[in-house]
Amino acid sequence: MATTQSIKNRDARFCRDCGGPLKTVFEDYKICENTTKIGEQLDSKDICEPLGRERRLFCEFCGHRVSMGETVCPACKRKASTP
């Protein structure tokens with residue numbers, strides 16, 4: 001498992017660290033299960049960090065790569081959620 005840190009964001013669809021799709025585990029709680037062996041991540045890693053909105057590498061809504069510190073996605077124009 002890439003992370004055991006759950007994400008409670010109904011609209012989030014992608015991991016902020018690897019860019020792979022999130023899996024819903026209970027109602028609105030989601031986790032990243034992408035690893036170097038399974039999944040569809042864009043940045044290959046086995047352990048993802050639960051990145052905050054200022055440190056994210058990928059948009060949690062559309063999966064587009066974003067620059068560090070960028071809180072509005074250049075692709076979908078959505079503002080990063082908090083935390």
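Lys37 is exposed in this predicted model, with a relative accessible area of 75%. Along the chain, Lys37 belongs to the segment after strand S3. A useful sense of how the chain spreads out comes from pairing this lysine with Phe26: the two are eleven residues apart in sequence, and their C-alpha atoms are separated by 24 Å in space.

A second lysine makes a good companion to the first. Lys77 also lies in the segment after S3 and is exposed, its relative accessible area being 59%. Because the cut-off for exposed is over 50% relative accessible area, the value of 59% places Lys77 in that class. The backbone of Lys77 deserves a look as well: its phi is near 65°, a positive value in a residue other than glycine.

Stepping back to the whole chain helps to place these residues. The secondary structure comes to three strands and zero helices, and from the N terminus on the elements run β-β-β. The C-alpha trace spans about 30 × 25 × 15 Å along its principal axes. For 83 residues, a compact globule would have a radius of gyration near 12 Å, and the 11 Å found for the protein agrees with this. Of the 83 residues, 40% are buried. The protein exposes about 5100 Å², and carbon and sulfur atoms supply 50% of that area. Contacts also reach along the chain: among those between residues at least 6 apart in sequence, 39% join residues at least 24 apart.

Attention can now turn to residues that are covered. Gln41, placed in the segment after strand S3, which covers 29–31, has a relative accessible area of 14% and is therefore buried, since buried means under 20%. What does the side chain of Gln41 reach? One partner is the backbone oxygen of Thr35, at 3.5 Å. The backbone oxygen of Asn34 is another, lying 3.4 Å from a polar atom of the Gln41 side chain. Once neighbours within four places in sequence are left aside, the contacts of Gln41 are Cys18, Gly20, Asn34, Thr35 and Thr36. Asn34 and Thr35 thus appear in this list and also offer their backbone oxygens to the glutamine side chain.

Arg56 is another residue in the segment after S3. Is Arg56 buried or exposed? With a relative accessible area of 0%, Arg56 is buried. Its side chain, too, meets backbone oxygens: that of Glu70 lies 3.4 Å from a polar atom of the arginine side chain, and that of Thr71 is reached at 3.5 Å. Apart from neighbours within four places in sequence, Arg56 is in contact with Arg16, Leu51, Val66, Ser67, Met68, Glu70, Thr71, Val72, Cys73, Arg78 and Ala80. Both residues that supply the backbone oxygens, Glu70 and Thr71, are included there.

Arg78, one of the contacts of Arg56, leads on to the rings of the model. The charged end of Arg78 sits over the ring of Phe61, 3.8 Å from the ring centre. How many aromatic pairs are there? The count comes to zero, where a pair would need ring centres within 6.5 Å.

How values were computed: Residues numbered from 1 in each chain as written. Predicted model: local features only at pLDDT ≥ 70, side-chain atom pairs only at ≥ 80, totals over all residues. Heavy atoms only, no water. Phe/Tyr/Trp six-rings, centres within 6.5 Å; stacked < 30°, edge-to-face > 60°. Lys NZ or Arg CZ within 6 Å of the ring centre and 35° of its normal. Helix = DSSP H or I, 4+ residues; strand = E, 2+ residues; numbered from the N terminus. Buried < 20%, exposed > 50% of the residue type's maximum accessible area, 1.4 Å probe, protein only. Polar contact = N/O pair within 3.5 Å; in protein donor to acceptor, adjacent residues only side chain to side chain. Contact = heavy atoms within 4.5 Å. Rg over C-alpha atoms; globule rule 2.2 N^0.38 Å. Areas by Shrake-Rupley, 256 points an atom, 1.4 Å probe, with all protein chains shown as cover.
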